[in-house]
Amino acid sequence: MNASELQKLTDWLIDGGRSAASPKSFMAETCERMVAAGLPLWRVGVFVRTLHPDIYGRSFIWKPGAEVEVGTVDHKILDSPDFHNSPIIIVFQQGQEVRARADDPQSARFPIVEELRAEGVTDYIALPLFFTDGTIHASSWTTKQSGGFTDEQLAALRGLNTPLSRVIEIINWRRMAANLLDTYVGNRAGERILGGQIRRGHTETMNAAIWLSDLRGFTALSDRLPAEAVVDILNRYFDCQVAAIKKHGGDVLKYMGDGLLAVFPIDEYVGDEQKVCSHVVEAAHESRASVAELNYPIGDTIERFRFGLALHVGRILYGNIGGGNRLDFTCIGPAVNLAARLEKIASQLGRTVVASEGFAGICRGGWSELGEFPVAGFSKAARVYGLADEKSAA
């Protein structure tokens, strides 16, 4: 063991590992510094639980000479036999280290240790990573050294574990904040908030295609079905749109009851409005097909659903709006208002997808003119277009 290199590593961790630009590079540099200090590491893992509706945790796996592997697991892992037979769950639940030497018959109760033994691993130890909020995460360390880790090497690992936990906690909190912002306000809004755009009145204008939809007959549906069923239906209904919106470059900004507001930013300097609007139409077709396939059994009946979608393009004001210390990152402007009015016209006409003259003019082909309609709050009537492959409901 090289005491000088160990001290340099400890100092580097206490300083926040600032030379590492990303979680992957931090993991790689930490392990490489450990090896340089005399720790005979083979496979190192860091397992961090997170706060995310879909992801239970993330893993970072390092091996000498290989790129750090980053993985995620969903909440289904909690029902997995492999997880319940792993050393990591003991660390998570009890906050105790778990050591499993390959030559110890007791280690056979852990399938992961048996797999590593087949690779030539001689020793395995899992250590708890204690965060300041009381949560427990885990790291695992293995070696191929004959006889396993020495007492001196284990003492070094344990000594480095505390400063390592602090840096990992900071990285995890940053990622968790970004994930939560992405989940609740959208990716682009989340980036702006983390970037410091947090004061009321901080706004910017941008050109965008606007997507505004709602579920037909939602009020009557809510009146006759249990609240739990209504929530489940809404989640499935939104799934029909969100996947298509994100796939084609859109950003979901807001859910308003059964309504959904999304934007597809247009780079006016690049001049990509036709490409963006074409992607929006593709997303609309996919969403329409998904909603048409959606069904929900209630007793002896099968509920089926229809939705209305208005597409428009224009400049919007995008940023922080609210009162007191409660803000909302949203978009407003005449273009958004017109999209909302168009969605109501779609309902009146029994149409699923309608577009403004501006949107249909950019994304030519596949539209049929439905006529001019007065628009509440606007001085001029709006010319409205519908998808050519769709007929108005009787």
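Two strands count as paired when DSSP finds at least two bridges between them. Keep that in mind for the first stop. One more thing before you start clicking: this is a predicted model.

**Stop 1: a hairpin and its neighbour**

Select residues 251-256, strand β8, together with residues 259-266, strand β9. The two pair in the antiparallel sense over 5 bridges, and they make a hairpin with 2 residues between them. Click on Gly257 in the turn: its phi is positive, about 65°. For a landmark along the pair, show Tyr255, which sits opposite Leu260 in β9.

Now add residues 203-215, strand β7, which runs antiparallel to β9 and is joined to it by 7 bridges. Here Ala209 faces Phe264 across the pair. Is β9 largely enclosed or not? Try a surface view. Of its 8 residues, 7 are buried, so the rest of the structure largely encloses this strand.

**Stop 2: the largest nonpolar core**

Stay with β7 a moment, then widen the view. The largest nonpolar core has 44 residues, and the ones touching the most other members are Trp211, Leu311, Phe359 and Trp367. Colour those four. Then select residues 227-247, helix α9, which gives the most to this core, with 10 residues. As a general rule, nonpolar side chains tend to be buried together in soluble globular proteins.

Zoom in on Phe359. Setting aside residues up to four places away in sequence, Phe359 touches Ala209, Cys277, Val280, Val281, Leu311, His312, Val313 and Trp367. Ala209 is the residue you just saw opposite Phe264.

Apart from this core lies another one, of 32 residues; Val68, Ile125, Trp141 and Leu154 are among them. You'll pass through that part of the chain at stop 5.

**Stop 3: Arg236 and Gly314**

Back on α9, pick Arg236. With a relative accessible area of 37%, Arg236 is partly exposed. What does Arg236 touch, not counting residues up to four places away in sequence? Show Leu294, Asn295 and Tyr296 and you have the set. Leu294 is 58 residues away along the chain, yet the two C-alpha atoms are separated by 7.9 Å.

Next, select residues 307-323, strand β12, and find Gly314 in it. Gly314 counts as buried, at 14% relative accessibility. Outside its neighbours within four places in sequence, Gly314 is in contact with Met206, Asn207, Ala208 and Ala335. For a sense of scale, draw a line from Gly314 to Thr162: they are 152 residues apart along the chain, and their C-alpha atoms are separated by 53 Å.

**Stop 4: helix α11**

Ala335, that last contact of Gly314, is also one of the buried residues of helix α11. Select residues 334-349 to see the whole helix: 16 residues, reaching 22 Å from first C-alpha to last, close to the 22 Å expected at 1.5 Å a residue. Show the buried side: Ala335, Val336, Leu338, Ala339, Leu342, Glu343, Ile345, Ala346 and Leu349. An α-helix has 3.6 residues a turn, so residues three or four places apart point the same way. Note that Glu343 is on the buried list too. Right after α11 comes Gly350, with a positive phi near 65°.

**Stop 5: the six-stranded sheet**

Now swing over to the open sheet of 6 antiparallel strands, in the order β3-β2-β1-β6-β5-β4. At its edges are β3 (69-74) and β4 (98-101), each with a single partner strand, so one side of each has no neighbour in the sheet. On average, neighbouring strands are turned by 15° against each other, direction ignored.

Inside the sheet, residues 123-130 (β5) and 136-143 (β6) run antiparallel, joined by 8 bridges. Ala126 has Ser140 in β6 as its bridge partner.

Helix α2, residues 23-36, packs on this sheet, touching β1, β2, β3 and β6, and its direction makes about 40° with that of β2. Its buried residues are Phe26, Met27, Ala28, Glu29, Thr30, Cys31 and Met34. Just past the helix, Gly38 takes a positive phi of about 110°.

**Last stop: the cysteines**

How many disulfides does a search of the whole structure find? It finds 0. Select Cys363: the nearest cysteine sulfur, on Cys277, is 6.1 Å away. Cys363 is buried at 8% relative accessible area, and Cys31, back in α2, is buried at 2%.

Terms used. Residues are numbered from 1 along each chain as its sequence is written. This is a predicted model: local features need pLDDT of at least 70, side-chain atom pairs count only at pLDDT 80 or more; totals for chains, interfaces and linings use all residues. Side-chain values use heavy atoms; hydrogens and water are left out. Buried means under 20% relative accessible area, exposed over 50%, partly exposed in between (1.4 Å probe, protein chains only). Helices (H or I, at least four residues) and strands (E, at least two) are DSSP runs, numbered from the N terminus. A disulfide is a pair of cysteine sulfur atoms within 2.5 Å. The expected span of a helix is 1.5 Å times one less than its number of residues. Axes are lines fitted to C-alpha atoms, for helices over the stretch in contact, and angles run from 0 to 180 degrees between N-to-C directions. Contact means heavy atoms within 4.5 Å. A nonpolar core is a set of buried Ala, Val, Leu, Ile, Met, Phe, Trp, Tyr and Cys residues joined through side-chain atoms within 4.5 Å.
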